[in-house]
Amino acid sequence: MIKNAHIHFNDLGTPFANDFSDIYFSNDDGLAESHYVFYEKNNIDARLQNHDQPHFVIAETGFGTGLNFLNTWQRFTDHLARQQVQNQLDKDVKRLHFISFEKYPLQINDLNQALKAWPSLSSFSDQLIKRYPINLAGCHRLEFEKGRVILDLYFGDALESISAMSFPHTGIVDAWYLDGFAPSKNPDMWQQNLFESMANISRANATLSTFTAAGFVRRGLIEAGFNTTKTNGFGQKRDMLIGQFEHVKNTQSAPAYFNQDSSTLKNVAVIGGGIASSCILYSLAKRGIASQLFCQDEQPAMGASHNVQGAIYPHLQAKNSPHSELFAHSFLYAKRLYSELLTNGFSFDHDWCGVLQHAVKQPLADKHQNLAQKQLWPTQLMRNVTAEQGDEIAGVTTGYSGVFFEQGGWVNPPQLVNAMLNAANSLTPFKSTFNCDIKQLKKTEHGWFLLTNTEQLGPFSDVIICAGEHSDAFEQTKALPIVGVRGQVSHVQASEQSNKLKTVLCHKGYFTPAYLEHHCMGATFEKNTKNRQVTAHDNQLNQEQLLNFYKQSEFATTLGSITSAKAAVRCTFIDHLPMTGQWCEQSDYTQAFANLRLGKRYQYEPLKKPQQGLHIFTGFGARALCSAPLSAEHLISCLNNEPRPLSERVSQAIHPARFIVRDLIRNKI
């Protein structure tokens with residue numbers, strides 16, 4: 001569990017860490033010190049020009065008040081403005097990516113008070129405070145200026161956080177800000193293992209700077225591969241350290257069979273039309289990458305994303321599993337993204353009314369009790385409630401205890417998909433082609449082509465398949481082990497009593513607050529079918545299921561007639577996780593990693609990658625509204641050689657090769 005910092009403000013208004021007996025920034029001029037020690041001594045301004053990538057990555061040990069990030073953000077904004085005037089933007093860095101680690105984050109009220117010391121940064125600090133995350137361990141991806149500035153804020157120990165990261169062998173960091181409490185006050189941070197981990201994720205010629213000049217710090221950095229020297233310190237401080245990374249270690253977070261490769265994203269074909277494809281298009285558009293959407297339907301969101309009300313909440317377990325980690329962080333990211341869309345004028349019907357998961361059976365009650373005992377998740381994310389508390393939240397009488405997700409709620413998925421597409425188009429215009437049934441994918445020396453019955457479309461540098469249950473429709477992807485699960489949602493007329501419902505209810509299915517004088521009630525689960533026909537039988541099943549759990553509740557017994565319904569097929573896999581990454585050819589893997597059959601994790605052959613540039617992004621089941629946005633960011637970050645928002649263990653859990661690798665290890669193929 002992440003614990004907040006214990007601080008007070010001294011007579012000069014400077015925040016002081018009680019546990020470390022040290023100040024967060026200089027009593028004299030913390031902003032000037034931050035700028036001199038970190039921004040100037042890493043020579044950031046000059047390095048933003050003619051950089052070898054469109055993004056520049058800074059990593060920091062110790063977020064504190066966020067002062068270093070805010071100063072860097074302001075200077076980056078000034079740099080872009082100057083370069084725009086000089087018409088130099090084509091040659092310069094377009095995006096700033098800032099990574100920071102914080103073991104003891106400030107409480108938001110303390111952060112707000114601390115940053116009032118810098119009114120010149122208020123336009124930036126106000127945005128940070130608005131997005132400041134809850135106390136959940138791991139990476140919180142915060143985006144500013146429509147994705148031009150990204151802060152990956154890791155809550156947790158810096159060494160543990162870096163060890164959990166997913167990164168390529170070329171490294172990701174261009175400059176390091178070694179900021180933290182003084183080595184004498186916080187020796188756990190200034191240790192050799194951390195310096196070695198920094199080297200693991202540093203790019204060639206990465207620089208560093210730090211306010212300290214302690215000899216053991218300098219020697220440790222040199223041992224880790226940083227050519228480190230003393231230079232003049234700030235103000236009355238005589239010395240500080242600067243350095244440069246000499247040799248890339250070529251280490252990577254993943255074993256060879258779970259690599260997430262980069263690609264040359266120039267013109268990307270996206271096949272689909274629902275929430276998954278809209279998230280991919282939005283992630284591409286933020287980076288200015290050209291793309292084109294191909295959809296077999298006449299308009300967006302006519303497949304699994306076509307429901308009237310879709311509930312959004314994280315699926316959490318009583319253990320810190322990759323599954324729980326994915327959904328916890330995905331939910332928070334999705335909520336920030338959707339709120340940002342609304343702020344920017346892209347509208348969709350929604351209500352952040354919370355989601356109440358009722359313990360309608362004893363196994364659920366036991367699960368909720370286990371969740372409460374483990375205390376793995378912040379109460380702002382989920383909290384246990386008694387039957388009385390739950391009924392007060394819901395506004396109706398049910399008699400069930402449960403778990404409440406106060407930040408959850410519902411959205412109108414078709415409207416959300418259109419809002420995402422419109423937002424993406426406003427950033428980087430793209431072409432959408434509907435009523436377009438892609439029959440074949442063909443790779444040539446010029447790129448990828450998409451074939452219909454009448455025409456050949458392309459070439460494209462990459463193809464991303466986001467086609468849900470249709471993702472296995474191509475020769476290359478026919479082995480995709482999709483489990484199709486049909487579901488029908490019924491729309492039932494609201495009553496005077498049901499109109500009192502104030503939150504989404506989850507039992508075995510779900511029931512939404514009234515919207516357009518109706519509730520969404522469902523949903524059925526029927527495996528191994530792609531039939532989308534609406535049936536009266538399934539409407540009856542939905543109503544019987546609701547009454548089975550709530551026959552004692554007036555909101556359920558007074559409902560009107562079912563006036564309509566929608567049926568769709570959820571695309572899932574047997575492990576209930578999505579699939580995100582480059583398509584993996586089984587024959588290629590069985591040849592390259594044949595030693596896995598023998599229990600050997602070495603002496604592999606290189607992959608031939610016959611389907612290079614073909615990517616899969618599907619399998620979100622009923623949880624795409626929650627998990628697709630962050631998964632899309634992860635995929636595009638991997639392909640664009642950027643820092644990745646998901647940890648290595650989560651990246652492996654959603655990797656397209658996971659079933660092949662499992663069967664090789666078990667000697668089943």
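A residue is taken as buried when its relative accessible area is under 20%. In the predicted model examined here, His519 has a relative accessibility of 1% and therefore counts as buried. The place of this histidine is in strand S28, which spans residues 518–522.

Two polar partners of the His519 side chain were identified. One is the side chain of Ser498, with which the side chain of His519 makes a polar contact at 2.7 Å; the other is the backbone oxygen of Thr512, which lies 2.7 Å from a polar atom of the histidine side chain. Ser498 and Thr512 both belong to a longer list of residues in contact with His519 once its neighbours within four places in sequence are left aside. That list also includes Ser490, His491, Val492, Gln493 and Ala494, together with Phe511, Pro513 and Ala514, and it is completed by Gln309 and Leu559.

Aromatic rings were considered next, and a search of the whole structure finds 27 aromatic pairs. In one of these, the ring centres of Phe69 and Phe144 are 5.8 Å apart and the planes stand at 45 degrees, so the pair is classed as tilted. This pair links distant parts of the chain, since Phe69 is in helix H3 (residues 67–85) and Phe144 is in strand S6 (residues 138–144), with their positions 75 residues apart in the numbering. Both Phe69 and Phe144 are buried. A further pair is formed by Phe294 and Phe460, whose ring centres are 5.7 Å apart and whose planes are at 85 degrees, so that this pair is edge-to-face. Here too distant parts of the chain are linked, Phe294 being in strand S13 (residues 290–294) and Phe460 in strand S23 (residues 456–460), 166 residues apart. Phe294 has a relative accessible area of 2% and is therefore buried, and Phe460, with a relative accessible area of 3%, is likewise buried.

Phe69 and Phe144 also take part in a cluster, in which ring pairs link them with Phe38, Trp73, Phe98, Phe124 and Tyr177.

Aromatic rings were also examined for charged groups placed over them. The charged end of Lys335 sits over the ring of Trp352, at 4.8 Å from the centre of that ring, while the charged end of Arg570 sits over the ring of Phe525, at 3.9 Å from its centre.

Definitions and conventions:
Residues are numbered from 1 along each chain as its sequence is written. This is a predicted model: local features need pLDDT of at least 70, side-chain atom pairs count only at pLDDT 80 or more; totals for chains, interfaces and linings use all residues. Side-chain values use heavy atoms; hydrogens and water are left out. Helices (H or I, at least four residues) and strands (E, at least two) are DSSP runs, numbered from the N terminus. Buried means under 20% relative accessible area, exposed over 50%, partly exposed in between (1.4 Å probe, protein chains only). A polar contact is a pair of N or O atoms within 3.5 Å; within protein, one must be able to donate a hydrogen and the other to accept it, and residues adjacent in sequence count only if both atoms are side-chain atoms. Contact means heavy atoms within 4.5 Å. Rings of Phe, Tyr and Trp (its six-membered ring) pair if their centres lie within 6.5 Å; planes under 30 degrees apart count as stacked, over 60 as edge-to-face and the rest as tilted. A charge sits over a ring if NZ of Lys or CZ of Arg is within 6 Å of the ring centre and within 35 degrees of the ring normal.
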